[in-house]
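Visitor: I have a structure open and want to learn how to read it. Could you take me through it one feature at a time?

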Amino acid sequence: MSLWWIPISIVIFLLVILMIVNFHIVKQSRAYVVERLGRFHAVWNQGPHFKIPFIMQVIKKVSLKEQVADFPPQPVITKDNVTMQIDTVIYFQITDPKLYTYGVEYPMNAIENLTATTLRNIIGEMELDQSLTSRDIINTRMRAILDEATDPWGIKINRVELKNIIPPKEIQNAMEKQMKAERERRESILQAEGQKQSQVLVAEGEKQAAILRASAAKEAAILEAEGAKQARIMAAEAEAEAITRVQTALAESLRLLNEAAPNDQVVKLKALEAMAKIADGKATKIIIPSEIQGLAGLAASAKSVFEDER
């Protein structure tokens, strides 16, 4: 029995295994750096690729996504000789896999050291208060410097953030005391403003009350004057009415006397009777002519004589 086909099958099997092993599919946002016989050959992007065995070699697989590097706190000294601990966060992205592979030996260590030295240079130009309140300025300057320095390495620095700024313990205590004093000062100001507003409101209330009292007194005086005025008007109207009634009664008496043709004594007596009717208990003051007054006296004397005779 001939077994000549066994070596051929083994060779074919090994070739299939070799092809499968050297067949690569590069995923999205990934890149492979390939060398051929020890020299740079190409950068494989997403898609299927085949590597020639023993001749080509994938030396680095690079992620093209944006990455985050959180570096530990670094000691820095400000312009006024205050030592602080500052840790930074860097957002970067690899834009050129070839430069990233061949540009620097350890890219992350290089970025960390470059970040520390850049941070020390920037903080060294600022005082403590300025460094605590100028995070945006520090972030912008660091991003510009790091982006320029890492460009030959195929790395783009998108953003730099100062995560924490930790001053010395004694500085923190002094800042806490300063903030406490500032809060107490603001509280005193608010209390003074509240008392001021309260006093203003009380004064405004007293002012309004005084205005209302004055207005009420004014209204009362006006009403009292109006009442007195109305009383005088009514008294005048009553006197005018009495005079009108006198004139009417006299006219009526004259008419009746003219019709009866009486003598002077009868006329005077009739006038006296008319005057009595006019008064009728309503008039407060009646002026009687002198002729009638004499006749009234004569009538009173006659009345007394008649009573004595009886």
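Guide: Gladly. Start with one residue. This is a predicted model, and in it Phe 23 has a relative accessible area of 44%. Exposed needs over 50% and buried needs under 20%, so Phe 23 counts as partly exposed.

Visitor: Where does Phe 23 sit in the secondary structure?

Guide: Phe 23 is in strand E1.

Visitor: Which nonpolar residues form a patch with Phe 23 on the surface?

Guide: Look for nonpolar side chains that are joined and still accessible. Here, Phe 23 shares a nonpolar surface patch with Val 11, Leu 15, Leu 18, Met 19, Ile 25, Leu 37, Phe 50, Ile 52, Phe 54 and Ile 55. Together they have about 1,100 Å² of accessible area.

Visitor: Which element gives the most to the nonpolar patch?

Guide: That is H1, with four residues. Helix H1 spans 5-21, and strand E1 spans 23-26. Each of them supplies at least two residues of the patch.

Visitor: Now the inside. How many residues does the largest nonpolar core have?

Guide: A core is read from buried nonpolar residues whose side chains join up. The largest one here has 30 residues. Met 84, Ile 86, Ile 90, Leu 119, Ile 138 and Met 142 have the most contacts inside it. Strand E8 (83-94), helix H3 (107-123), helix H5 (135-150) and strand E9 (155-166) each supply at least two residues of this core. H3 gives the most, with six.

Visitor: What is Met 142 in contact with, leaving aside neighbours within four places in sequence?

Guide: Met 142 is in contact with Thr 88, Thr 115, Thr 118, Leu 119, Ile 122, Val 160 and Leu 162. Apart from this core lies another, of five residues. Val 26, Val 34, Trp 44 and Met 56 are among them.

Visitor: Thr 88 was on that list. Is Thr 88 buried or exposed?

Guide: Use the cut-off again: buried means under 20%. Thr 88 has 3% relative accessibility, so it counts as buried. Its place is in strand E8. Beyond its neighbours within four places in sequence, its contacts include Ala 69, Asp 70, Phe 71, Thr 115 and Leu 119. Met 142, Glu 161, Leu 162 and Lys 163 are also in contact with Thr 88.

Visitor: And the whole protein? How many helices and strands are there?

Guide: There are eight helices and nine strands. Of the 310 residues, 23% count as buried. The accessible surface comes to about 22,100 Å², and 58% of it belongs to carbon and sulfur atoms.

Key:
Residues numbered from 1 in each chain as written. Predicted model: local features only at pLDDT ≥ 70, side-chain atom pairs only at ≥ 80, totals over all residues. Heavy atoms only, no water. Buried < 20%, exposed > 50% of the residue type's maximum accessible area, 1.4 Å probe, protein only. Areas by Shrake-Rupley, 256 points an atom, 1.4 Å probe, with all protein chains shown as cover. Patch = residues over 30% accessible without salt bridge, like charges linked within 9 Å, V, L, I, M, F, W, Y side chains within 5 Å. Salt bridge = Lys/Arg side-chain N within 4 Å of Asp/Glu carboxyl O. Core = buried A, V, L, I, M, F, W, Y, C linked by side-chain atoms within 4.5 Å. Contact = heavy atoms within 4.5 Å.
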